[in-house]
Amino acid sequence: MRAEDLLLAWDPLGYGLGSYGPEFDDIALALIHIDTIDELDEAVRRILTDAFGDCPSESETRAMAERLLASSEACQL
């Protein structure tokens, strides 16, 4: 599954699908420059916390970071 599809299907704070457009754009942009799970997890947590003042559990954001990195690596030539 593509990183974009993974993000669009994720509702990390229970606000409803489609509620995270700018934040998911920022996460997708971070994915271009970040290649470790720890760094991407930190970026996801920072982006969501900055935007909403809240963040899902670290295990949830880490799992999403792992899926995002795996999907982006599968897309590279």
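**Note on the helices, core and aromatic residues**

1. Helix α2 has 13 residues, and the distance from its first C-alpha to its last is 19 Å, close to the 18 Å expected at 1.5 Å a residue. The model under review is a predicted one. On α2 the buried residues are Glu23, Phe24, Ile27, Ala30 and Leu31. Their arc around the axis is only 115°, which puts them on the same side of α2. The face turned away from that buried side carries the exposed residues Pro22, Asp25, Leu29, Ile32 and His33. A reader can therefore follow α2 as a helix with its buried residues on one side and these exposed residues on the face turned away.

2. Helix α3 covers residues 37-52 and can be checked in the same manner. At 1.5 Å a residue, its 16 residues should span 22 Å, and its end C-alpha atoms are 22 Å apart, which agrees. Buried on α3 are Leu40, Asp41, Ala43, Val44, Ile47 and Leu48. These residues cover an arc of only 165° around the axis, so they sit on the same side of α3. Asp38, Glu42 and Asp50 are the exposed residues on the face turned away from the buried side. After α3 comes Gly53, which has a positive phi, near 70°.

3. Which elements give two or more residues to the largest nonpolar core? That core has 21 residues, and those with the most contacts inside it are Trp10, Ile27, Leu40 and Leu68. The elements giving two or more residues to this core are α1, α2, α3 and α4. Of these, α3 gives the most, with five residues.

4. Leu40 deserves a separate look. It is one of the buried residues of α3 and one of the residues with the most contacts inside the core. Leaving aside residues up to four places away in sequence, Leu40 touches Ala30, Leu31, Ile34, Ala65, Leu68 and Leu69. Among these partners, Ala30 and Leu31 belong to the buried residues of α2, and Leu68 is another of the residues with the most contacts inside the core.

5. The aromatic residues come next. A search of the whole structure finds five aromatic pairs. One of them, Tyr15 with Phe52, is tilted, at 5.3 Å centre to centre and with 50° between the planes. Tyr15 lies in the loop between α1 (3-8) and α2 (21-33) and Phe52 in helix α3, so the pair ties together parts that are 37 residues apart in sequence. Tyr15 is partly exposed, with a relative accessible area of 43%. Phe52 is also partly exposed, at 26%.

6. Tyr20 and Phe24 form another aromatic pair, this one stacked, with 5.2 Å centre to centre and 25° between the planes. Tyr20 is buried, with a relative accessible area of 1%, and Phe24 is buried at 8%. The pairs are linked: Trp10, Tyr15, Tyr20, Phe24 and Phe52 form one aromatic cluster. Within that group, Tyr15 touches Tyr20 and Phe52, not counting residues up to four places away in sequence.

7. Two serines in helix α4 should be read with their polar contacts. Ser72 is found in α4, which covers residues 58-75. Is Ser72 buried or exposed? Its relative accessible area is 17%, so Ser72 counts as buried. A polar atom of its side chain lies 3.0 Å from the backbone oxygen of Leu69. Ser71 is in α4 too, and it counts as buried at 7% relative accessibility. A polar atom of the Ser71 side chain lies 3.1 Å from the backbone nitrogen of Ala3. Ser71 touches Met1, Arg2, Ala3 and Leu6, not counting residues up to four places away in sequence.

8. The last point concerns the loop between α3 and α4, where Ser57 has its place. Ser57 is partly exposed, with a relative accessible area of 40%. Its C-alpha atom and that of Pro12 are separated by 9.1 Å, although the two residues are 45 residues apart along the chain.

Conventions:
Residues are numbered from 1 along each chain as its sequence is written. This is a predicted model: local features need pLDDT of at least 70, side-chain atom pairs count only at pLDDT 80 or more; totals for chains, interfaces and linings use all residues. Side-chain values use heavy atoms; hydrogens and water are left out. Helices (H or I, at least four residues) and strands (E, at least two) are DSSP runs, numbered from the N terminus. Buried means under 20% relative accessible area, exposed over 50%, partly exposed in between (1.4 Å probe, protein chains only). A polar contact is a pair of N or O atoms within 3.5 Å; within protein, one must be able to donate a hydrogen and the other to accept it, and residues adjacent in sequence count only if both atoms are side-chain atoms. The expected span of a helix is 1.5 Å times one less than its number of residues. The arc is that of the directions from the helix axis to the C-beta atoms. Rings of Phe, Tyr and Trp (its six-membered ring) pair if their centres lie within 6.5 Å; planes under 30 degrees apart count as stacked, over 60 as edge-to-face and the rest as tilted. A nonpolar core is a set of buried Ala, Val, Leu, Ile, Met, Phe, Trp, Tyr and Cys residues joined through side-chain atoms within 4.5 Å. Contact means heavy atoms within 4.5 Å.
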